[in-house]
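User: I am new to this structure and would like a close look at a single part, namely the aromatic rings and how they pair.

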Amino acid sequence: MTLETGRLAADFDLKDQHGQSVTLASFRGEKAVIVMFYPYAFSRVCTGELCQVRDQLPRFVSQEVQLLAVSCDPMFSLRAFADRDRLEFPLLSDFWPHGAVAKAYDNFDEEFGCANRSTFIVDKQGVLRWLVRNEMPDARDLEQYVQALGELVG
């Protein structure tokens, strides 16, 4: 499956680090959503990125926008990761069936068994409006996200 901007984003239902169910559809009509896939909790680049997001959280979470960070790590690992690094936004577990959501977003690395480092911005109607894919060792440019969000939600 190839994702294209302008098409409805694949819905999902995943558990966050607290065991609460989170669906993409629950934000429809309410908020734009940043779906931020990252390869591994506790890894150097992913930790650095998510801590950068944490430190600039009002730029990524507001009454208009929700951030959902997704990895294929188990929920309990995500809880330990969130607690250690004070990550207070939803960390969603795509652990079982392993990588099903990452696969639905054409974003699963079969060789390493993890999500690729990619980001998808979905508008309030559930339509994919922007995406960027980074190589696994390359950190994201968060300023790109801020610019894309600014264009989408003003």
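Is Tyr145 buried or exposed, and what is its relative accessibility?

Analyst: In this predicted model, Tyr145 has a relative accessibility of 1% and therefore counts as buried. To see where this residue belongs, it helps to begin with the rings as a group. Across the whole structure, a search finds 7 aromatic pairs. One of these is formed by Tyr105 and Phe120, whose rings meet edge-to-face, with 5.1 Å from centre to centre and 70 degrees between the planes. Tyr105 belongs to the loop between helix H3 (100-104) and strand E6 (108-109), while Phe120 is part of strand E8 (residues 117-122), so that the pair links distant parts of the chain, 15 residues apart. Tyr105 and Phe120 are both buried.

Tyr145 itself pairs with Trp130, again in an edge-to-face arrangement, where the centres are 5.5 Å apart and the planes make an angle of 70 degrees. Because Trp130 lies in strand E9 (residues 128-134) and Tyr145 in helix H4 (residues 142-153), this pair ties together parts that are 15 residues apart in sequence. Unlike the buried Tyr145, Trp130 counts as partly exposed, because its relative accessibility is 22%, and the limit for buried is under 20%.

Two further features complete the view. Tyr105 and Phe120 also belong, together with Phe12 and Phe37, to one aromatic cluster. Elsewhere, the ring of Phe108 has the charged end of Lys103 sitting over it, at 4.8 Å from the ring centre.

Note on methods: Residues numbered from 1 in each chain as written. Predicted model: local features only at pLDDT ≥ 70, side-chain atom pairs only at ≥ 80, totals over all residues. Heavy atoms only, no water. Phe/Tyr/Trp six-rings, centres within 6.5 Å; stacked < 30°, edge-to-face > 60°. Helix = DSSP H or I, 4+ residues; strand = E, 2+ residues; numbered from the N terminus. Buried < 20%, exposed > 50% of the residue type's maximum accessible area, 1.4 Å probe, protein only. Lys NZ or Arg CZ within 6 Å of the ring centre and 35° of its normal.
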